[in-house]
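Open the model in your viewer and keep the sequence panel beside it. The stops below say what to select next and what is there.

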Amino acid sequence: MTARAIVSPHDPSSVAKVRSTYEQAVEEVAHAFLSFPWTKRACYAEYLAQTFYYVRYSTALLATAAGRFDPITEAKYQKRFSRHVAEEQGHDLLALRDLEGLGDSIQNHPEMDETRMFWEPQFCKIERKHPSAMLGYILILEGAAVKIGHQLHSTVVPLYGEATAFIRVHSEDDIEHIEKALALLDGLDDAKLQHIIENTTQSARALCLMLAAVERKATSQAGTSHLRED
Ligand SMILES: [Fe+2]
């Protein structure tokens, strides 16, 4: 409103800042994924379980964000987020089926605090900041898939065979997809771009913490109490 009239909606330096923040954050996430002990079956199983829990909320998050955009002035965002809801349908089940393919069950893997710490803040950002803030979360997840998806897939296939559908599907995400998300940055004012920058670094950090917690849990407790941390 008044702030909107003051802030330049097309500051190219702000968009460039989001892009450089995104590139650095994806680099950190890629490093965490590539350092993860995929060869340890318990680690892979816990990763699939925690992935199921956060991906289960992807469609709800995207639909919530889509519904919050102004249908007239923000129509292109609403359209893209709505399409993205359809694209994410069933992806939670890919992770669940992979876990079951290992002969395991989600019942053995309660959702971890670190997993909730990854996805839950997205609802707050969408509702209390701006729905476009969710682009930070999207950029991290899709950026990591594009960057290291193929490499991860070729690591897990020889180990777990068919129980690798979640990683396979996400390794097929193309560059175009990420470019579509980055293209949405143009036209957002500085305040909204700042929310995206915050969410990009925050989501990258939360995802890295989640992966570290998954590894710690799977390697340290040998299936005893899920409440132990070290
Ligand atoms: Fe997905």
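Select Q50, Y53 and Y54 in α3, then add T115, F118 and W119 in α7: these two sets of residues meet each other. The model you are looking at is predicted. Now show both helices in full. The axes of α3 and α7 come within 9 Å and cross at roughly 25°. An angle under 35 degrees counts as roughly parallel, so α3 and α7 are roughly parallel to each other. The crossing of this pair, α3 and α7, is right-handed.

Next, select α4, residues 58-68. Which residues of α4 are buried? They are S58, L61, L62, A65 and A66. These residues lie on the same side of α4, because they cover an arc of only 130° around the axis. To see what covers the buried residues of α4, add α3 (41-55), α5 (75-88), α6 (91-101) and α7 (113-129), which are among the covering elements. The pair from the opening stop, α3 and α7, is thus included in that cover.

Move on to a second helix pair. Select α8, residues 135-160, and α11, residues 190-220. At what angle do α8 and α11 pack? The angle is about 45°, and the axes of the two helices are 7 Å apart. That angle makes α8 oblique to α11. The contact is made on the α8 side by L135, G136, Y137, L139 and I140. On the α11 side, I196, E198, N199, T200, S203, A204 and L207 take part. Turn the view to follow the crossing: α8 passes α11 in a right-handed sense.

Now go to the loop between α10 (175-183) and α11, and select L185. Is L185 buried or exposed? L185 is buried, because 20 other C-beta atoms lie within 10 Å, and 20 or more is the cut-off for a buried residue. Leaving aside neighbours within four places in sequence, show V15, V18 and L193, with which L185 is in contact. Then add P12 and draw a distance between C-alpha atoms: L185 and P12 are separated by 9.8 Å, although 173 residues apart along the chain.

For the last single residue, select H170 in helix α9, residues 165-171. H170 has 22 other C-beta atoms within 10 Å, so H170 is buried. Which residues does H170 touch, not counting those up to four places away in sequence? They are A145 and G149. Select H150 as well: H170 and H150 are 20 residues apart in sequence, and their C-alpha atoms are 8.7 Å apart in space.

Finally, zoom out to the whole chain. Colour by secondary structure and you will find eleven helices and zero strands. Show the C-alpha trace, which spans about 60 × 35 × 30 Å along its principal axes. With 230 residues, a compact globule would have a radius of gyration near 17 Å, and the 18 Å of the chain agrees with that. Colour by burial: buried residues make up 37% of the 230 residues. A contact map is a useful closing view. Of the contacts in the chain with a separation of 6 or more, 82% are between residues 24 or more positions apart.

Note on methods: Residues numbered from 1 in each chain as written. Predicted model: local features only at pLDDT ≥ 70, side-chain atom pairs only at ≥ 80, totals over all residues. Helix = DSSP H or I, 4+ residues; strand = E, 2+ residues; numbered from the N terminus. Buried ≥ 20, exposed ≤ 12 C-beta atoms within 10 Å, placed from the backbone. Contact = placed C-beta atoms within 7 Å. Arc of directions from axis to C-beta. Rg over C-alpha atoms; globule rule 2.2 N^0.38 Å. Axes fitted to C-alpha atoms, helices over the stretch in contact; angles between N-to-C directions. Parallel < 35°, antiparallel > 145°, perpendicular 65-115°, else oblique. Left-handed = near helix turned anticlockwise from the far one by under 90°.
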